[in-house]
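Work through the exercises below with the sequence and the model side by side. Try each task before reading its solution.

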Amino acid sequence: MSAHTSRASVLFAVGVLLVSMASYQLGAALAKQLFPMVGAQGATACRLGLGALILLLVRRPWRSWQRGRDLRALWGYGLSIGAMNLVFYMSLRTIPLGIAVALEFTGPLALALFGSRRLLDFVWIALVVAGLLLLLPLRGQAHALDPAGVLYALAAGVGWACYIVLGQRAGSAHGGDAVTWGTSIAALLAIPVGVAHAGSALFNPALLPFALGVAVLSSALPYSLEMVALTRLPTRSFGTLLSLEPAFAALTGVALLGERLGLLQWLAIAAIIVAAAGTALSVRRPVAEPLVN
């Protein structure tokens with residue numbers, strides 16, 4: 001692969017990842033509308049169940065199935081998606097979205113730290129950490145955070161880290177179909193939990209428009225886009241780029257929830273964007289050949 005093609009592949013992956021993160025935050029905002037009716041568990045079941053159904057109907061992955069592929073990575077990838085989504089939505093019941101996203105981000109940030117080898121990488125990571133400290137209102141709200149919500153969000157961070165590592169392996173073995181199979185496996189975990197919690201309320205037709213929106217915005221679309229990025233970026237760069245998630249959460253709050261940000265918070269967003277751009281520009285080559293969709 002030529003240097004020009006490699007750089008174009010990286011830039012394309014960055015753009016895809018930005019769209020994925022915007023979609024995810026829109027879906028998270030919509031998902032909270034389901035909490036009063038079916039709870040966080042039911043919202044997770046709607047999201048992953050319908051997301052899996054959409055992907056199965058669109059991609060029909062069984063047509064290209066080949067025996068001998070790595071099933072352990074695929075099952076690990078799918079279970080990590082299910083567990084990550086379930087505990088993250090559980091955290092949103094008691095702690096703010098921005099703080100939950102920041103706590104969840106400890107997973108991919110740890111991957112970025114562990115994978116760093118150059119001084120420049122630590123500069124970008126330090127900028128990310130500084131941005132997060134400025135962005136989050138920890139000084140005024142940390143004492144009021146629900147301990148269970150914090151633990152759920154941290155558990156989601158562990159799931160996110162597993163999702164990144166196992167997603168690369170599953171994507172290398174199964175290509176674009178890894179997203180479909182992984183989401184389907186995740187649904188197998190989430191649906192029984194959702195049904196056990198919400199019961200017949202989960203099948204109320206009035207929920208369908210919200211559930212479909214959440215499924216597309218939070219599962220089918222972002223996971224498909226992230227799989228493309230996963231196979232074009234090293235683990236540490238993918239993890240650091242995901243530092244944009246708290247910034248997207250803040251912008252979603254401004255646009256959809258009427259929240260207001262102070263100067264320090266806008267400076268934090270700028271610092272995170274600079275760190276993400278610097279990481280992308282420092283990437284020398286992708287970790288794998290692009291997926292064939």
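**Exercise 1. Find how many salt bridges this predicted model holds, and explain which parts of the chain are joined.**

Step 1. Applying the cut-off of 4 Å between a side-chain nitrogen of Lys or Arg and a carboxyl oxygen of Asp or Glu, the count for this predicted model comes to one salt bridge.

Step 2. The partners are R59 and D177, whose side chains meet with an N to O distance of 3.2 Å.

Step 3. Since R59 belongs to helix α2 (residues 35-59) and D177 to helix α9 (residues 177-198), the pair ties together parts that are 118 residues apart in sequence.

Step 4. The surroundings of the two partners can be read from their relative accessibility: R59, at 26%, counts as partly exposed, whereas D177, at 9%, is buried.

**Exercise 2. Decide whether E104 is buried or exposed, and describe what surrounds E104.**

Step 1. Begin with the position in the chain, where E104 is found in helix α4, which covers residues 97-104.

Step 2. E104 is buried and yet has no salt bridge, for R47, the nearest side chain of opposite charge, is 7.7 Å away; a salt bridge would need a distance within 4 Å.

Step 3. Not counting residues up to four places away in sequence, E104 touches M84, F88, A153, A156, G157 and W160.

Step 4. Widening the view to the helix, L97, I99, A100, V101, A102, L103 and E104 are buried in α4. Seven of its eight residues are therefore buried, and α4 is largely enclosed by the rest of the structure.

**Exercise 3. Follow helix α9 along its length, comparing its span with the expected one and locating its kink.**

Step 1. At 1.5 Å a residue, the 22 residues of α9 should span 32 Å, and because its end C-alpha atoms lie 30 Å apart, the two values agree.

Step 2. There is nevertheless a kink of about 25 degrees at A190, shortly before the proline P192.

Step 3. V193, which is also found in α9, is partly exposed, with a relative accessible area of 32%.

Step 4. Leaving aside neighbours within four places in sequence, V193 is in contact with Q41 and L86, and the C-alpha atoms of V193 and G42 are separated by 7.6 Å although these residues stand 151 residues apart along the chain.

Step 5. Just after α9, G199 takes a positive phi of about 65 degrees.

**Exercise 4. Determine which residues A229 touches, and how A229 is placed relative to V10.**

Step 1. A229 lies in helix α10, residues 208-230, and counts as buried at 0% relative accessibility.

Step 2. With residues up to four places away in sequence set aside, A229 touches A13, L17 and F238.

Step 3. A separation of 219 residues along the chain lies between A229 and V10, while their C-alpha atoms are 8.1 Å apart.

**Exercise 5. Summarise the chain as a whole, from its secondary structure to its surface.**

Step 1. The secondary structure comes to 13 helices and zero strands.

Step 2. Of the 293 residues of the chain, 54% count as buried.

Step 3. Among the contacts with a separation of 6 or more, 90% are between residues 24 or more positions apart.

Step 4. The accessible surface of the chain comes to about 13000 Å², and 69% of this surface belongs to carbon and sulfur atoms.

Definitions and conventions
Residues numbered from 1 in each chain as written. Predicted model: local features only at pLDDT ≥ 70, side-chain atom pairs only at ≥ 80, totals over all residues. Heavy atoms only, no water. Helix = DSSP H or I, 4+ residues; strand = E, 2+ residues; numbered from the N terminus. Buried < 20%, exposed > 50% of the residue type's maximum accessible area, 1.4 Å probe, protein only. Lys, Arg positive; Asp, Glu negative; His and termini not counted. Contact = heavy atoms within 4.5 Å. Areas by Shrake-Rupley, 256 points an atom, 1.4 Å probe, with all protein chains shown as cover. Expected span 1.5 Å × (residues − 1). Bend = angle between axes of the 7 residues up to and from the residue.
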